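Good morning, colleagues. Please take a moment with the sequence and the structure on the screen before I begin.

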Amino acid sequence: MNALIEVIRGIGASVIGGVSRIGYATRFLFTILAHSGTSFMRPRLVVREVYQAGVLSLIIVCMSGLFVGMVLALQGYETLSRYGASESMGVLVAMALVRELGPVVAGLLFASRAGSAMTAEIGLMKTTEQLAAMEVMAVDPIARVVAPRFWGGVISLPLLAVLFSTLGVFGGFLVAVKLIGVDSGAFWSQMQASVDWHYGVLNGVIKSVVFGIAVSLISVFEGYDADPTAEGVSAATTRTVVTSALAILALDFVLTVFMFRGEIN
Amino acid sequence: MPCVGAQNPCRIPLRPVGALPPVLGPKRSARTSLKLMHLSVKTPIKFKHKCYFYKKSTLSIIGMLAFFKYSFLKKVTRQFARPDTIIRMSSAADFSSPATAPSHCEPLVELKDVSFGYTRTRKILSGVTLTVPKGKLVAVMGGSGCGKTTILRLLCGQHRASSGEVLVGGQSVATMDREQMFAHRRRLGMLFQFGALFTDLSVFDNIAFPMREHTDLPEEVIHDLVLMKLNAVGLRGAARLKPSELSGGMARRVALARTIALDPQLALYDEPFAGLDPISLSVVGQLIRKLNDALGMTSVLVTHDIAESMKIVDYIYFISDGRVVAHGDVPSIRASKDPFVRQFVDGEPDGPVRFHYPAKTLVEDFA
Amino acid sequence: MNKKIIDLWVGVFVLIGLAGLAFLALKVGNLLSTTEERNGYEIEARFDNIGALKPRAPVKAAGVVVGRVESIRLDGKTYEAVARLHIFQQYKFSKDTIAAVFTSGLLGEQFVGLEGGGDSVMLKDEDQVKKTQSAVQIEKLISQFLFSKASESPTPAASATPAAAPAPTSATGVKP
């Protein structure tokens with residue numbers, strides 16, 4: 001009986017803890033937005049973070065995009081050729097990439113490549129009292145350290161997602177046209193006929209912007225909130241990757257419901 | 001101990017200290033000020049408080065322009081006034097009876113019956129009262145975990161005292177609003193326990209950091225200023241290195257240069273000697289003394305290195321269990337018969353500070 | 001690393017990102033069609049029922065895409081659906097062209113089919129297609145089939161009639 005009460009108490013505590021953490025993170029987001037003036041007045045701060053988060057993630061994102069596109073084309077061929085519709089491979093690859101895989105997979109890669117780095121960096125700055133030193137120098141660490149990283153992430157992820165999709169389509173093209181021998185004209189024309197600018201491309205970009213905000217917020221929040229110890233930083237980094245992945249997938253579902261409902265009707 | 005400047009035990013020559021106008025003499029400072037004035041017509045430095053200029057001014061443009069001329073003149077006069085200030089302090093700070101010295105001079109920092117605890121149950125400080133006079137170098141000593149660092153945190157406004165008053169320049173730190181706290185911290189330099197250098201910036205950029213954040217000085221002026229500060233700590237040659245390429249002693253000196261980057265009124269040093277070899281240790285110690293005198297600063301030094309601090313400080317407070325247990329100037333501490341002071345100065349393993357952590361009696365534990 | 005190099009790399013990154021977006025928009029999607037597709041003329045066709053036709057659906061003649069459905073609206077007076085069709089410049093159709101809503105395959109998307117006539121006068125910008133044929137609605141087809149089947153059950157031979165001419169009043173029927 002006591003053990004049961006303990007379990008319920010534990011669940012309750014973690015629920016309350018989780019909810020108040022979400023509240024804290026939301027407050028943190030507003031704090032970042034309120035202190036973003038510095039980032040816009042001194043774009044160089046943000047440029048540096050775009051370099052750290054975006055440019056350095058370029059290779060992994062592009063390579064993954066290429067391979068995902070190639071695999072999609074190969075797997076699609078299996079099914080589509082059965083119905084004699086292997087020309088639709090372009091549609092399959094492009095639709096899947098632009099709408100879903102581009103933003104989602106790029107977001108996941110970004111969380112584990114750049115987000116974890118952000119968390120570790122800010123957490124370590126906290127541990128080594130660099131943030132406290134800034135504060136004592138009358139420099140707001142949120143304005144100087146956190147906000148530029150946040151904006152760097154928000155700018156980088158949509159660009160990375162677009163490149164992921166582009167390279168994916170190119171990979172699909174390589175496999176479908178060069179390897180399997182689908183007619184190149186049919187590949188492109190079918191793709192263009194089915195992928196709509198608004199429903200396909202634009203919604204994909206909107207998704208990646210939302211994921212960029214979510215992942216960047218989680219990364220800087222976990223870093224800023226990390227326990228100033230070695231384990232604290234390592235736990236925060238892990239949490240960044242796990243929470244980001246969950247947030248991306250959950251947000252993806254919500255956004256998809258909102259965005260593509262109109263088209264299903 | 002007649003005066004601060006004259007009783008200088010340091011062997012490092014006083015000349016190349018990094019305070020721009022005071023040590024360079026009026027001629028150069030006039031030139032620099034003219035240069036500054038000339039430049040600031042093009043890129044107006046925005047003023048928020050009388051003597052300090054800020055980049056992030058929220059003042060309206062009209063207010064700024066109206067304020068600008070007045071504040072700038074004020075700043076220039078302040079720069080000019082600095083050498084005299086030092087002379088005045090060196091001659092005026094004559095303590096006839098050193099044991100009661102602090103109360104004689106105008107105090108810059110006062111702690112009045114201050115208590116503080118991170119949690120309600122466990123008190124770190126309980127009823128600490130201490131005074132730091134202007135222009136003095138005061139050490140706060142005690143064993144590890146006795147609340148020394150907490151005192152510094154209270155002074156720089158990272159924590160607020162749960163009771164009692166923390167006054168800096170006559171102003172209570174606890175009641176400062178955002179703007180005042182900003183101004184307060186702008187007048188303050190703090191050296192963190194392990195330096196807290198920004199690891200992603202070079203040595204040069206570390207010292208330029210507070211200047212770039214708080215001033216609109218053109219890059220060439222910052223360049224000169226930073227090299228002067230680095231020269232003062234003897235590391236001008238290391239400007240391009242990264243903090244990870246420095247030895248512990250060098251990193252501490254760079255942090256010291258960053259602490260004095262904006263010529264603070266009050267410098268706080270948190271364990272500046274921790275983990276340094278004897279040579280670096282005495283270099284850092286003498287720099288602290290020299291900078292304090294040359295820049296006319298007031299310094300609070302938190303340390304447990306009794307031998308080094310006896311060489312450089314003016315006055316010592318001993319803290320134990322969150323209380324001031326003894327205080328006095330260096331000769332009186334040396335001569336003191338107080339058992340705590342004796343244990344601390346002589347480094348006895350057992351004494352008023354117990355060797356054993358509070359526990360049940362041996363008989364009970366081994367029963 | 002040098003600030004200049006960081007700037008350069010970030011610049012390259014942003015540019016190729018935007019180039020990727022342009023690629024997705026133009027080559028993968030259909031934000032801007034080719035110039036010959038953009039140039040063209042618009043005609044209107046009135047249908048009793050357009051079924052599930054949507055804007056941007058293709059307009060085909062003999063299976064070749066010759067244009068796109070620009071917009072669809074309802075005429076409040078006649079309760080007819082008015083579809084504006086954007087026809088590419090290089091295709092000309094005669095005045096007596098018939099426009100019909102077809103379905104590609106059994107369950108595929110719907111498109112507008114144009115069947116050229118023999119008139120020597122060609123359709124111009126803002127012209128109306130006189131003869132239209134509405135979409136075939138499977139529900140109506142089935143219900144009519146069942147209805148006639150039920151009412152005419154004594155004479156099974158007659159049940160074939162509705163299937164041959166499914167909607168005598170509205171569903172089909174070429175308007176004059």
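Which percentage of the contacts in chain B with a separation of 6 or more comes from residues 24 or more positions apart? The share is 69%. I should say at once that this is a predicted model, and every value that I quote is computed from it.

Let me stay with chain B. Its secondary structure consists of 13 helices and ten strands. Chain B has 367 residues, of which 43% count as buried. The confidence requires some care here. Chain B has a mean pLDDT of 71, and 71% of its residues reach 70 or more. Over residues 1-103 of chain B, however, pLDDT stays under 50. For that stretch the model has 133 contacts beyond four places in sequence, and I shall draw no conclusion from them today.

I turn now to chain C. In this chain of 176 residues, buried residues make up 23%. Among contacts in chain C with a separation of 6 or more, 63% join residues 24 or more positions apart. The chain contains four helices and eight strands. How are these elements ordered from the N terminus on? Chain C begins with two helices, continues with eight strands in succession, and ends with two helices.

The domain assignment divides chain C into three parts: domain 1 covers 1-32, domain 2 covers 35-133 and domain 3 covers 137-168. Between the C-alpha centres of domain 1 and domain 2 of chain C, the separation is 38 Å.

One helix of chain C deserves a separate remark, namely H3, at residues 138-151. Is H3(C) largely buried or in the open? The number of buried residues among its 14 is zero, so H3(C) lies largely in the open. Its length can also be checked. At 1.5 Å a residue, the 14 residues of this helix should span 20 Å, and its end C-alpha atoms are indeed 20 Å apart, so expectation and model agree.

Finally, the contacts between chains. Chain C contributes 18 residues to its contact with chain A, which contributes 23 residues. On the side of chain C that touches chain A, twelve residues are nonpolar, four are polar and two are charged. As for chains A and B, ten residues of chain A are in contact with 14 residues of chain B. The side of chain A that touches chain B comprises six nonpolar, two polar and two charged residues.

Thank you for your attention.

How values were computed: Residues numbered from 1 in each chain as written. Chains lettered and ligands numbered in written order. Predicted model: local features only at pLDDT ≥ 70, side-chain atom pairs only at ≥ 80, totals over all residues. Expected span 1.5 Å × (residues − 1). Buried ≥ 20, exposed ≤ 12 C-beta atoms within 10 Å, placed from the backbone. Contact = placed C-beta atoms within 7 Å. Nonpolar A, V, L, I, M, F, W, Y, C, P; charged D, E, K, R; others polar. Domains from an automatic or database assignment. pLDDT = per-residue confidence, 0-100.
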